[in-house]
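Colleague: Could you take me through one part of this model up close? Pick a single strand and its surroundings, and keep it chatty.

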Amino acid sequence: MGMASRSIGLKEIGEALKKAKSGWYSLHMAAASHAIAQRIPLADFILEVRDARIPLSSHCQLLSNFPPSSLRRIIVMNKTDLANRSQLKEWTKYFEQQNCISYGVNSHNKEDVKKFLNFLQAQVRELKRIDHSGHTTTMMIIGIPNVGKSALANSLHQLGRISAAEKGKLKHTIVSPHPGETKNISSLKIGSHPNIYVLDTPGILPPQIHDSEVCTKLALTGAIENLVGEKELARYFLAILNTSDGYKKWERLSTHGNDKSFTGQEVEGSSDSKLNMKRKRQYPSDHTQDFMVNRR
């Protein structure tokens, strides 16, 4: 499949998903969006969780309704185990250039979450140093469906209680591979001295998504239910895979067999040169070759 068939597939699938918006934007999601919007100004920090594979397409559009200067926002790129590590570094630089704090994490990796918790506690200490406030710090976790918000909240809660040597029953929020499972806003304690709580919220999407490519990416990563059929979605995914850098490298290796010119070092070197080109492009869109979509 070439670029032309990939473009056609993207447009067809994206347009079908846009027309089927009623399948993923429900009255419950509308109510959740309203409730979250009311609470955003009350939170000390906003942890916007995004899918590390598509860090632009998975942004939470609701936040665009608030002036950036009014929020202490941290962009959390979750599911780093499924994303390209080299490109994650580039995305971190990109967000830094946009004056945004970002952090990459795998919510299912204990050491990863522990480092992230230390990072959050450092942010809170800096806030306390500036405003000399002794009140409890609240961090609202928000984002689109199925980016791992609840899994991250649970992991932070578990590690936070262990590090504080607190006793009592652990609270848990619902974690599911399917979008829309979290129904309510839940509060979980993740730190003591000072006290820090995270608010886990339902995943929300805008009433309309006008970009066909964004719709397709969200369907591929499970943020919205697949309403166009598995075959059509798989066809587009294969088109992405066949035009990806990784596929081309393996194709060259298999073609040249034992050719010594195709060593691991040279492959890595070619990847570095491509990364340099990507730096110049300033990431106008997500890199779709990063998809690693598991069957649900």
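Modeller: Quick vocabulary before we start: helices (H or I, at least four residues) and strands (E, at least two) are DSSP runs, numbered from the N terminus, and two strands pair if DSSP finds at least two bridges between them. Bear in mind that this is a predicted model, where local features need pLDDT of at least 70, side-chain atom pairs count only at pLDDT 80 or more, and totals for chains, interfaces and linings use all residues. Residues are numbered from 1 along each chain as its sequence is written, and side-chain values use heavy atoms, with hydrogens and water left out.

Let's look at β6, residues 196-200. On one side of the story is β5 (residues 186-191): the two strands run antiparallel, joined by five bridges, and lysine 189 has tyrosine 197 of β6 as its bridge partner. Together β5 and β6 make a hairpin with four residues between them, and histidine 193 in that turn has a positive phi of about 55 degrees. Then there's β4 (residues 137-142), which pairs with β6 in the parallel sense, again over five bridges; here methionine 140 is matched with leucine 199 of β6. As for cover, four of the five residues in β6 are buried, meaning under 20% relative accessible area with a 1.4 Å probe, protein chains only.

Moving on to leucine 218: leaving out residues up to four places away in sequence, its contacts (heavy atoms within 4.5 Å) include Ile54, Ile144, Leu205 and Ile224.

Terms used
Buried means under 20% relative accessible area, exposed over 50%, partly exposed in between (1.4 Å probe, protein chains only).
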